[in-house]
Amino acid sequence: MALIIRKYCAIRDARISVDGKAVFSYEGQDGFKKFIRAAYKHYQTDYPKFFKMDNLSKLGFFSVEVLLKGEDILKLHPAEKTGIILTNASSSLEIDEKHFESIKDRGHYFPSPSNFVYTLPNIMAGEAAIRHKIKGENTVLISEHFDPELVFCLVELAFKSKLLSSCICGWVEQYENNYESLLFLVEKDKNNSAEDIIFEPSNLTNIYKLEQKDGRINTKA
Amino acid sequence: MMADVYAGAENIISSLGFNIAENIANIFAGNTGIVRDESGKYSPIPLPLSVVDHNRLDELFAENLSRENPPVRYTMLEKMFIISIKDALRQNYIEINSSDTLIIISSTKGNIDLLQPEQQKKFGRKRIYLHELGRMIAGYFNNPNTPLIVSNACISGVLGIVYGERLIKSGKYKHVIVCGGDLMSEFIVSGFQSFQSLSMNPCKPFDKTRDGLNLGEGCGTLILSSDPGAFAEKNPVKVLGGAGSNDANHISGPSRTGEGLYIAIDHAFRTSDIHAAQLDTISVHGTATDYNDEMESRALSRAGLEKVPVNSYKGYFGHTLGAAGVIETAISLQSMKKNMLFRSAGYSKHGVSKNINVISKTEEKEINTCLKTASGFGGSNAALVFQKE
């Protein structure tokens with residue numbers, strides 16, 4: 001059973017690209033928050049809950065938004081057979097620090113449930129699942145760098161277990177103004193078209209490298 | 001070729017003991033590890049918590065396990081992982097330093113205590129990253145593979161076993177050590193307090209008067225292997241299969257209908273080639289919050305599992321987060337091997353809408369097939385099936 005990458009998208013350095021082509025870039029060099037807000041507007045997204053999310057969830061959520069733009073994924077695949085498998089290095093460290101600040105001083109002890117709920121990296125996958133009504137396997141794993149072998153291996157195993165018909169997978173990393181995402185929409189190959197990109201570690205590595213070379217993802221991470 | 005997967009060599013480090021025998025003896029005796037904590041260490045107000053004896057942990061580590069040459073400092077959580085894995089290895093013949101063996105770490109918050117400046121000074125900021133925690137554990141045991149780190153809220157432990165099973169079944173590894181652990185911290189306690197989901201008394205899963213959960217800390221280890229002869233104990237239990245799902249409903253509350261958990265159970269049955277009538281017992285998540293327990297009762301009912309004896313072990317250990325799935329699976333394996341159903345602590349009056357069969361007393365029963373489930377923040381669910389040969 002061959003798996004193909006039907007679509008991929010990358011977000012990094014105030015730019016968004018889909019299938020290797022730049023689709024949005026933000027000129028301001030003033031950090032993640034303004035960039036993601038501008039991207040949200042550019043895509044004419046209408047989802048007020050977005051503004052309640054922590055920065056990691058904003059990046060994860062929006063990356064899936066870009067990947068699924070123009071796709072009616074649940075028309076092609078059952079909700080319970082559509083998965084989200086993401087990897088990341090910093091977990092939810094930025095919001096963890098915010099929550100920690102709120103309880104550091106017992107004289108000013110104000111833990112907030114709306115911060116605390118985001119102190120788990122898998123919440124970004126949950127936010128994307130809610131938005132797109134995706135009910136299949138849903139996992140977040142931690143790796144120091146984007147690890148094509150790891151992503152390939154776990155996604156392939158889930159397909160082999162006959163649990164998936166499609167899967168959104170890849171890398172969503174964010175801590176303060178260092179952010180980077182690379183997501184793939186993976187499906188079983190039905191057409192055997194020569195244009196299909198086979199889902200395999202070497203292709204994941206090549207795409208990641210190309211994104212770096214074209215400046216869509218820079219290498220300072 | 002698809003390999004069979006066996007599970008065993010279980011260890012639990014919890015408020016009820018440092019090995020499986022101590023923990024089981026306490027559960028047999030009906031003892032809970034949840035006690036009122038007045039230390040002020042974790043909360044401005046006294047709260048019932050399930051905590052591990054850190055002095056004993058330190059002593060055990062210093063006596064037998066510390067690394068002097070060159071000297072390495074380990075955090076409390078790392079010590080807990082190392083002691084737990086060491087104990088599991090004593091019951092198994094696998095080589096942990098072989099490339100055939102993978103370590104899977106399940107944790108929600110890892111070394112989160114290193115957010116405190118004095119702790120960070122001692123261990124360095126880097127160690128707050130979960131992949132660094134993984135590196136420390138693999139390094140201690142000279143395991144050459146990069147550990148797989150699952151951080152998926154309260155289902156991390158069950159998912160760790162699900163992935164371990166798949167990695168062995170597909171032939172990628174011969175052995176997988178699944179280790180789930182989380183520490184008690186003010187970080188966690190304050191967060192659950194802000195959600196108003198903590199009970200001021202020992203929790204009562206599925207009971208009419210349940211009013212919230214208790215937090216716990218601990219660590220659990222299981223060894224999975226394609227070789228049934230790798231275990232010191234004869235006739236290890238088989239892991240048949242498992243799956244995860246998402247409610248796609250709410251990030252901090254379980255679905256009202258139980259549909260997400262139902263999907264995970266249904267998918268776990270399919271990968272295991274099992275149907276509801278074959279099950280002898282179920283270990284559920286059972287946190288004792290109003291919504292969680294109600295949701296689980298609906299999912300079990302929908303899956304045709306109303307008659308199967310059900311246990312929540314939260315009444316013994318509290319909610320140990322990333323450790324919960326592994327600790328509760330370890331108890332379930334014991335329940336299967338000993339053919340014993342353990343009482344679901346805290347339950348007396350039925351308090352969920354579906355007529356599920358919550359275990360009200362510890363008794364003998366032949367158990368061949370067992371389902372383990374978990375649900376957590378982010379709307380995630382997972383389920384696993386075990387069977388005796």
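This text walks through a predicted model of two protein chains, A and B.

Start with chain A. Chain A holds eight helices and eight strands. Its C-alpha atoms fill a box of roughly 65 × 35 × 35 Å along the principal axes. How does the radius of gyration of chain A fit a compact globule? A compact globule of 221 residues would have a value near 17 Å. Chain A has 17 Å, so the two agree.

Now look at what chain A hides and what it shows. Of its 221 residues, 62% count as buried. Chain A exposes about 9300 Å². Carbon and sulfur atoms supply 49% of that exposed area. Next, take the contacts between residues at least 6 apart in the sequence of chain A. Of these, 69% join residues at least 24 apart. Charges come next. Chain A has 29 positive and 31 negative charges. The mean positions of the two sets are 5 Å apart.

Turn to chain B. Chain B has eleven helices and 16 strands. Its C-alpha atoms fill a box of roughly 60 × 55 × 40 Å, again along the principal axes. The globule test can be run here too. With 389 residues, a compact globule would have a radius of gyration near 21 Å. Chain B has 19 Å, which agrees.

Buried residues make up 66% of the 389 residues in chain B. The exposed area of chain B is about 13500 Å², and carbon and sulfur atoms supply 46% of it. Now the contacts in chain B with a separation of 6 or more. Residues 24 or more positions apart account for 78% of them. Chain B carries 39 positive and 40 negative side chains. The centres of these two sets lie 2 Å apart.

Two residues of chain B give a closer view. The first stop is Ala232(B). Find Ala232(B) in the loop between strand 8 (218-225) and strand 9 (237-246) of chain B. Is Ala232(B) buried or exposed? Its relative accessible area is 44%. Buried means under 20% and exposed means over 50%. Ala232(B) therefore counts as partly exposed. Which residues does Ala232(B) touch, beyond those up to four places away in sequence? They are Gln91(B), Asn92(B) and Tyr93(B). Arg90(B) is 142 residues away from Ala232(B) along the chain, yet their C-alpha atoms are separated by 8.3 Å.

The second stop is Gly322(B). This glycine lies in the loop between helix 10 (314-317) and helix 11 (324-337) of chain B. Gly322(B) counts as buried because its relative accessibility is 0%, and buried means under 20%. Leave aside its neighbours within four places in sequence. Gly322(B) is then in contact with several residues, including Ser106(B), Ser107(B) and Thr108(B). Ser156(B), Gly157(B) and Asp182(B) are also among them. Compare Thr289(B). Thr289(B) and Gly322(B) are 33 residues apart in sequence, and their C-alpha atoms are 18 Å apart in space.

Finally, see how the two chains meet. The size of an interface is often given as the accessible area lost when the parts come together. Between chain B and chain A, the buried area is about 4400 Å². Carbon and sulfur atoms give 64% of that buried area. Which three residues supply more of the area that chain B buries against chain A than any other three? They are Tyr163(B), Arg166(B) and Ile251(B), which supply 14% of it. The contact takes 55 residues from chain B and 50 residues from chain A.

Note on methods:
Residues numbered from 1 in each chain as written. Chains lettered and ligands numbered in written order. Predicted model: local features only at pLDDT ≥ 70, side-chain atom pairs only at ≥ 80, totals over all residues. Heavy atoms only, no water. Helix = DSSP H or I, 4+ residues; strand = E, 2+ residues; numbered from the N terminus. Rg over C-alpha atoms; globule rule 2.2 N^0.38 Å. Buried < 20%, exposed > 50% of the residue type's maximum accessible area, 1.4 Å probe, protein only. Contact = heavy atoms within 4.5 Å. Areas by Shrake-Rupley, 256 points an atom, 1.4 Å probe, with all protein chains shown as cover. Lys, Arg positive; Asp, Glu negative; His and termini not counted. Charge placed at Lys NZ, Arg CZ, Asp CG, Glu CD. Buried area = accessible area lost by both parts, 1.4 Å probe.
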